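The following note offers several points on the packing of helices in this entry. Please read it alongside the sequence and the coordinates shown below.

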Amino acid sequence: MKKNFFVNILESLIYCLLVYLVFFYYSNFKNDFLTMNIQPLTIVVGVMALKYGVYTSLQTVIIASFFYIFSYYKLGNDPVVFFLDFNYYKFILIFFFIGLTLGRVSDNFRSKIDELKEENKNLEETLKNQREKNLQLVNINERLKSRIIGSKESILTLHQLTSSILLQNVDKIFTQVLEILIDFLGSDVVSIYLYNEERKIFRARIKIGNSVIPNFIEIKAGDIYSKVLDLKTVQCGSKEENKASPVYVAPILKNNNVIGIINIERLKYENQEKYLLELFKVISQWINNALVKAFEENEIEIKKNVFENTRIYNLKYFSQILEEDKKRKKKFGADYIALETINPGLKPEELNELIKGKMRDIDVIGMSDEVIKFIFVNASKDDKLLLIKRMSEMLSGAELYEI
């Protein structure tokens, strides 16, 4: 606004000065300048009024009036009697009338444009939200298509769905577990933790939604996680006692030992009816049934693809894990950071020694003679620079980049 004020004054001075020079100072019909039927100064006032509006155009009116009166004076007339002759001071009134009229038109037009822009912005925002909702509905529809035919058949459909994951590997089962829990329990915050028996801790492997449970859970006597470890059954948490407590926790079992947990951290609309708990128990039981065979085959698969006496995979197996993480990120927004660097000549055994104590047991490493790759699961973009720095120091200054 302040900028327009000074620009308007400068433009008005230039245009009015040009009119004065062309039509009066260098003109052969100076006497006619004051009584021209189309006064050039009125054109200047009109243009500036349309350009800047009613308030700023009043400056142009004052400047144009000054040049008009100054021209009157230069012709040898007495300024004192200027307003006694209507033929002269009528132009001053015309300047004000044009400035006010066209300025008001310009202001109304500009105001209407601003209103339309704001309305258009709101419509675009509404459209964007609607598109996101439609996309969510399409995704849900795709996942549920051919699964739920009617409410009476929903449990049968769920059984068929969980049965279908019997042929999947562990990482793919985890992905479908998330789909099942979202679709059938209406949970929008779910996490899967893996158990480190040696350190007696749970580490987050996958988290979706606005989770408030920390990525690192220490087992404390009497808490919900110790109960899951001891009883190996689904447990209910209490948000009233602890805001970071999950709603439900189910164990992931292998050879009747807890190797992980599935947390239902929140249910939509605070929906925590008893039948949901029973449904979650059924789902968790079927998931564990599916995982029994998957774990057995996964051990065989790992032995085929891991370098001997290390935790480092070949790039083919590493890529399979990375693809599943990419799928989870696309579907659920689950975080991970994947980094790559040129192999500085390390052997698998040497790299395995370097990463000891510097990488979590849930993170994934793959390598070949040419490159080394890392997946830091459940890591956000905020962690990227720190991870790059840490890995670069571990690999003696190697340059890492995100993949």
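1. The model is a predicted one. In the contact between two of its helices, the residues contributed by α7 are Asp171, Lys172, Phe174, Thr175, Leu178, Glu179 and Ile182, and they meet Ile321, Glu324, Lys327, Arg328, Lys331 and Phe332 of α10. Sorted by class, this contact of α7 with α10 comprises 5 nonpolar, 1 polar and 7 charged residues.

2. As to geometry, α7 spans residues 170–185 and α10 spans residues 315–332; their axes come within 9 Å and cross at roughly 15 degrees. Because angles under 35 degrees count as roughly parallel, α7 is described as roughly parallel to α10. The crossing in which α7 passes α10 is left-handed.

3. A second topic is helix α12, residues 384–394, whose buried residues are Leu387, Met391, Ser392 and Met394. These residues lie on the same side of α12, because the arc they cover around the axis is only 160 degrees.

4. Which residues of α12 are exposed on the other side? They are Leu385, Lys389 and Glu393. A leucine thus appears in both sets: Leu387 is among the buried residues, whereas Leu385 is exposed.

5. The buried residues of α12 are covered by elements that include the strands β8 (336–342), β10 (371–377) and β11 (400–402), together with the helix α11 (348–355).

6. Finally, the backbone after α12 deserves a remark: Ser396 follows this helix and has a positive phi, near 60 degrees.

How values were computed: Residues numbered from 1 in each chain as written. Predicted model: local features only at pLDDT ≥ 70, side-chain atom pairs only at ≥ 80, totals over all residues. Heavy atoms only, no water. Buried < 20%, exposed > 50% of the residue type's maximum accessible area, 1.4 Å probe, protein only. Helix = DSSP H or I, 4+ residues; strand = E, 2+ residues; numbered from the N terminus. Arc of directions from axis to C-beta. Contact = heavy atoms within 4.5 Å. Axes fitted to C-alpha atoms, helices over the stretch in contact; angles between N-to-C directions. Parallel < 35°, antiparallel > 145°, perpendicular 65-115°, else oblique. Left-handed = near helix turned anticlockwise from the far one by under 90°. Nonpolar A, V, L, I, M, F, W, Y, C, P; charged D, E, K, R; others polar.
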